Amino acid sequence: MAKALANQPWRKANVARRLQIFVASLIPLPLVVLITITAHLNPILSFAGLFLPLQLIAASVVGYLAYGRRGVGDAVLVVLTFFFSAFVLILLLSVLSSVVIQGSRAISWQFISQNNVYVSPTTSLDYGGVGHAVVGTLLVVLLTTIAAVPLGLAMAIYLTQSQSKTRNLVRTFTQALSGLPSVVSGLFILSIIEATHIGRSGFTGALALFPLMLPTVARVAEEALKLVPVDLRYAALALGAPNYRAFFQVILPAAKSGLLTALLLGLARVVGETAPLILTMNPSSSTSLNPFNGGMTTLPTYIYNYLASSYETSQARAWGAALVLLILVGFLFGLARVLGKNKSIKSKASK
Amino acid sequence: MTNLITSSSLRAENVSVWFGERQVLKDVNLVFPANQVTALIGPSGCGKSTFLRTLNRMHELIPGAGLAGAVYLDEQDIYSEAMDAVSVRIKVGMVFQKPNPFPTMSIKENILSGLKLSGRKIKDADQLVETSLRRASIWNEVKDRLSDQAISLSGGQQQRLCIARSLAMDPEVLLMDEPCSALDPGSTRRIEETISELAESMSIVIVTHNMQQAQRVSDQTAFFLAEEGMPGGVVEFGSTEQVFNGPIDQRTNDYVNGHFG
């Protein structure tokens with residue numbers, strides 16, 4: 001101990017109290033498990049209704065014995081923090097693990113690369129795949145992004161850099177738009193399709209996703225630009241910069257990582273959308289590279305169609321597609337992070 | 001006082017400033033001769049920082065700001081139709097109270113940023129970087145780390161970097177808005193030495209709350225005051241020697257001797 005102190009002159013944070021309370025909070029666990037099994041209780045109900053109160057009591061008693069009245073409050077907060085963190089983590093992990101476990105049955109290189117032509121509900125998993133839906137998802141999301149990101153960014157610039165009096169109006173409408181149910185957006189585009197007789201295509205799907213992505217990008221980008229200190233803008237202007245150069249050379253680079261977050265949240269908002277695309281796109285089994293004509297399938301609509309089927313192979317395909325979508329989103333996010341890596345982060349960390 | 005007005009490089013005539021309906025400055029007349037350091041002193045809220053900003057039109061960034069009067073830079077009114085804010089700011093540099101280097105740029109890029117931001121060509125970048133950093137007396141500290149991020153510097157170094165950034169533009173006038181108020185005594189002393197050296201090639205206007213600093217660095221001093229509910233204005237203007245040691249106005253006397261403000 002003395003040796004460790006010599007090497008590390010700083011004093012360790014006192015974790016003993018939290019550890020004591022944490023251990024105490026686990027004491028009722030065997031009891032709860034026993035009761036749940038013998039009485040055939042719903043495990044989730046018994047954990048929330050039985051384990052949590054028992055945990056609180058056990059930890060409070062230990063806290064009181066060890067530290068008096070203040071120990072009780074400490075114990076309650078520690079138990080609540082751990083319980084709900086664990087609750088959320090377990091939820092997340094169970095969603096992820098069920099997608100990975102169920103999806104891995106169907107997944108293979110052929111499943112990712114082949115399309116759905118000549119696939120019937122009973123076709124074996126060795127044949128056919130979601131390649132067409134991967135291409136469709138990428139094309140539709142790309143089209144939406146091309147339209148929504150520049151416009152959303154422009155809105156954010158308008159909301160943060162101008163002193164116009166209509167800003168509050170624009171901000172209110174943006175907030176209202178972000179509450180738009182996605183199916184309403186789909187119905188709106190559907191009514192346009194019906195009225196104008198333009199054919200359904202990837203493009204009409206992208207149109208339906210556009211009002212969903214735009215407010216997300218605009219609002220997050222606005223927050224990112226707001227975080228840039230006004231000092232930097234003044235510094236740039238005092239050096240004789242016109243407004244546009246001050247923005248592009250100083251404010252934009254400073255807000256880069258926040259703007260990247262705006263893009264990612266925008267992508268996340270639309271990449272899994274199903275309802276508007278079911279309304280505005282015709283499903284297709286073949287791979288289509290033309291988003292302006294003919295049918296096109298995206299991964300969420302593929303999942304929707306196959307999950308409803310009662311055939312086991314179809315359901316396996318749906319789970320496989322869900323896993324592919326998960327991987328695709330992870331890949332897009334990773335790519336964006338690598339491309340947008342802020343070089344100043346390194347020197348900040350080393351400071 | 002008359003002997004100070006020789007080769008004026010900057011002159012404010014009857015400058016009044018409003019923010020919306022509220023008048024914050026009334027009829028300010030000051031002359032800033034070439035190669036002289038002028039200190040603007042006065043209690044908080046007297047309008048001296050606002051006045052400083054009218055000298056390079058930075059006050060226009062505040063919504064609702066309005067100005068009457070004129071500011072002459074080499075006999076050219078900077079508020080005339082022929083001048084725009086951008087060309088004024090290229091000639092009249094500014095250093096702010098809080099060091100504000102550009103965080104996404106390296107030390108070198110910060111020095112060159114003024115030229116890039118004002119859309120001018122950079123000739124011999126390395127030489128310009130070295131000269132500017134030397135003039136701000138920070139070259140020896142940063143010469144081996146020019147490509148480091150500017151925010152890795154200490155506060156005092158950042159402020160001298162900001163001075164060097166302004167100097168790279170080769171301004172005719174340098175405005176400083178309490179440049180040392182966030183710095184330690186050592187950094188303050190170095191910046192004061194820098195100011196004295198820079199005065200050989202430009203005129204400097206410095207706002208300060210530090211009476212000793214005003215006496216140490218300036219050749220002439222203007223005392224600003226805003227009476228209760230009234231716009232601010234200049235109470236006394238003259239050589240630093242006179243303002244501090246033999247002020248004519250009683251209010252100046254009270255302020256420089258620490259009786260109020």
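Helix H12 of chain A has 12 residues and reaches 15 Å from its first C-alpha to its last, close to the 16 Å expected at 1.5 Å a residue. This is a predicted model, and H12(A) is a good place to start reading it.

## One helix, two sides

Which residues of H12(A) are buried? They are A:Ala246, A:Val250, A:Ile251 and A:Ala254. These residues cover an arc of only 85° around the axis, which puts them on the same side of H12(A). In general, an α-helix has 3.6 residues a turn, so residues three or four places apart point the same way. On the other side of H12(A), A:Tyr244 and A:Phe248 are exposed.

What do the buried residues of H12(A) pack against? Two partners belong to chain A: helix H10 (202-226) and H11. The partner from chain B is helix H3 (107-117).

## Where the chains meet

H12(A) leads straight to the contact between the chains. There, 21 residues of chain A are in contact with 24 residues of chain B. On the chain A side, the elements that give two or more residues are helix H11 (230-238), helix H12 (243-254) and helix H17 (344-350). H11(A) supplies the largest share, 7 residues. By type, the chain A side that touches chain B divides into 13 nonpolar, 5 polar and 3 charged residues.

Now look from chain B. In H3(B), 9 of the 11 residues are buried, so this helix is largely enclosed by the rest of the structure. The buried residues are B:Ile107, B:Lys108, B:Glu109, B:Asn110, B:Ile111, B:Ser113, B:Gly114, B:Leu115 and B:Leu117. What covers them? The cover includes H11 and H12 of chain A. From chain B, the cover includes helix H4 (125-135), helix H5 (139-142) and helix H6 (155-167). Just after H3(B), B:Gly119 takes a positive phi of about 75°.

## The two chains as wholes

Next, step back from the helices. The table sets out the overall values for each chain.

| Chain | Helices and strands | Radius of gyration | Box along the principal axes | Buried residues |
|---|---|---|---|---|
| Chain A, 351 residues | 17 helices, 0 strands | 27 Å | roughly 75 × 70 × 40 Å | 34% |
| Chain B, 261 residues | 10 helices, 10 strands | 18 Å | roughly 55 × 40 × 35 Å | 48% |

Take chain A. A compact globule of 351 residues would have a radius of gyration near 20 Å, but chain A has 27 Å. Chain B has 10 helices and 10 strands. The radius of gyration of chain B is 18 Å, close to the 18 Å that the globule rule gives for 261 residues, so chain B is as compact as a globular protein of that length.

Contacts along each chain can be sorted by sequence separation. In chain A, residues 24 or more positions apart account for 72% of the contacts with a separation of 6 or more. In chain B, 69% of the contacts between residues at least 6 apart in sequence join residues at least 24 apart.

## Domains in chain A

The domain assignment of chain A gives domain 1 (13-104) and domain 2 (131-342). How far apart do the C-alpha centres of these domains lie? They lie 39 Å apart. At the contact between them, 5 residues of domain 1 meet 5 residues of domain 2. The domain 1 side of this contact divides into 2 nonpolar, 3 polar and no charged residues.

## Single residues to find

Most residues other than glycine have a negative phi. Two residues here go the other way.

A:Tyr118 has a positive phi of about 65° although it is not a glycine. A:Tyr118 lies in the loop between helix H6 (109-113) and helix H7 (131-161) of chain A. Is A:Tyr118 buried or exposed? A:Tyr118 is exposed, with 10 other C-beta atoms within 10 Å.

B:Asn14 is not a glycine either, and its phi is positive, near 50°. B:Asn14 is found in strand E1 (residues 8-19) of chain B. With 11 C-beta neighbours inside 10 Å, B:Asn14 counts as exposed.

One more residue sits in a strand. B:Gly238 is in strand E10 (residues 233-239) of chain B. With 18 C-beta neighbours inside 10 Å, B:Gly238 counts as partly exposed. B:Gly238 and B:Thr54 are 184 residues apart along the chain, and their C-alpha atoms are separated by 21 Å.

Methods
Residues are numbered from 1 along each chain as its sequence is written. Chains are lettered from A and ligands numbered from 1 in the order in which they are written. This is a predicted model: local features need pLDDT of at least 70, side-chain atom pairs count only at pLDDT 80 or more; totals for chains, interfaces and linings use all residues. Two residues are in contact if their C-beta atoms, placed from the backbone, lie within 7 Å. Helices (H or I, at least four residues) and strands (E, at least two) are DSSP runs, numbered from the N terminus. Ala, Val, Leu, Ile, Met, Phe, Trp, Tyr, Cys and Pro count as nonpolar, Asp, Glu, Lys and Arg as charged, and the others, Gly among them, as polar. Domain bounds come from an automatic or database domain assignment. The expected span of a helix is 1.5 Å times one less than its number of residues. A residue is buried if 20 or more other C-beta atoms lie within 10 Å of its own, exposed if 12 or fewer, and partly exposed in between; C-beta atoms are placed from the backbone. The arc is that of the directions from the helix axis to the C-beta atoms. The radius of gyration is taken over C-alpha atoms; the globule rule is 2.2 Å times the number of residues to the power 0.38.
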